[in-house]
Amino acid sequence: MHFGINDLGLPGMLGEPPATADALIEGFTALADRAHRSGLKILAATIGPFAGADPGISTPEGLAIRRDVNDWIRTTDAFDAVFDVARAVANPDAPDYIHPALDSGDGMHLNDKGAEAMADAVNLDDLAL
């Protein structure tokens with residue numbers, strides 16, 4: 001499961017507030033519970049950085065919610081495995097931003113090196129759960 005960034009960025013394009021951290025956590029928990037009840041494993045990824053994207057997408061509120069949700073993703077037992085994509089591609093000096101070497105240029109999407117860094121965040125053993 002790699003959800004969340006659109007819930008945080010797209011509402012700003014319409015002048016609306018992003019989804020709350022509580023709403024995202026509730027939704028992610030419900031999806032994980034539903035998958036588990038069906039006998040499926042759920043693998044999740046943190047929400048990647050998007051500061052520097054268009055001002056309507058990258059808002060201080062949305063970035064703060066991303067940090068809160070990522071903290072929850074990293075510590076919850078709702079998922080069978082977590083891939084910390086956010087840390088893998090973040091600028092260590094400014095973690096709300098994609099590392100400049102991994103940014104496609106729009107502040108939100110990864111370039112090929114970024115996609116490789118994201119893939120490297122995946123523990124292949126977790127895919128065999």
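Modeller: Let's sort residue types before anything else: Ala, Val, Leu, Ile, Met, Phe, Trp, Tyr, Cys and Pro count as nonpolar, Asp, Glu, Lys and Arg as charged, and the others, Gly among them, as polar. This is a predicted model, where local features need pLDDT of at least 70 and side-chain atom pairs pLDDT 80 or more, while totals for chains, interfaces and linings use all residues. Numbering runs from 1 along each chain as its sequence is written, and side-chain values use heavy atoms, with hydrogens and water left out.

Colleague: Fine. How many residues of each type are in the lining of the second largest pocket?

Modeller: A pocket here is an open set of points on a 1 Å grid over the protein atoms alone, where a 1.4 Å probe fits, with protein on both sides within 12 Å along at least five of seven lines; lining residues have an atom within 4 Å of a point. In the second largest pocket, the lining splits into 5 charged, 4 nonpolar and 1 polar residue. You'll find Arg-66, Arg-67, Asn-70, Asp-71 and Arg-74 there, together with Pro-49, Ala-86, Arg-87, Ala-90 and Pro-95. The pocket's volume, the space filled by probe spheres set on grid points joined across faces, edges and corners, is about 150 Å³.

Colleague: Which element gives the most to that lining?

Modeller: Helix α3, with 5 residues. Both α3 and α4 supply at least two each. Helices (H or I, at least four residues) and strands (E, at least two) are DSSP runs numbered from the N terminus.

Colleague: So let's look at α3. How far does α3 reach from its first C-alpha to its last?

Modeller: Residues 60–75 make up α3, and its 16 residues reach 23 Å, close to the 22 Å expected; that expected span is 1.5 Å times one less than the number of residues.

Colleague: Which residues of α3 are buried?

Modeller: Buried means under 20% relative accessible area, exposed over 50%, partly exposed in between (1.4 Å probe, protein chains only). In α3 the buried set is Gly-62, Leu-63, Ile-65, Arg-66, Val-69, Asn-70, Trp-72 and Ile-73. These pack against several elements, including α1 (5–13), α2 (21–37), β1 (43–45) and β4 (94–98).

Colleague: And Trp-72, what does it touch?

Modeller: Contact is heavy atoms within 4.5 Å. Leaving aside residues up to four places away in sequence, Trp-72 touches Ile-25, Phe-28, Thr-29, Ala-78 and Phe-79.

Colleague: Which residues touch the most other members of the largest nonpolar core?

Modeller: A nonpolar core joins buried Ala, Val, Leu, Ile, Met, Phe, Trp, Tyr and Cys through side-chain atoms within 4.5 Å. In the largest, with 22 residues, Phe-28, Val-69, Trp-72 and Phe-79 touch the most other members. Helices α2 and α3 each supply at least two residues of this core, and α2 gives the most, with 6. Another core, of 5 residues, lies apart from it, with Ala-45, Ala-81, Phe-83 and Val-85 among them.

Colleague: Is Asp-120 buried or exposed?

Modeller: Asp-120, in helix α5, counts as exposed because its relative accessibility is 60%. Its C-alpha is 8.0 Å from that of Ala-88, 32 residues apart in sequence.

Colleague: Why does His-109 count as partly exposed?

Modeller: Because its relative accessibility is 44%. His-109 is in the loop between β4 and α5 (112–120), and touches Ile-98, Leu-102, Asp-103 and Ser-104, again not counting residues up to four places away.
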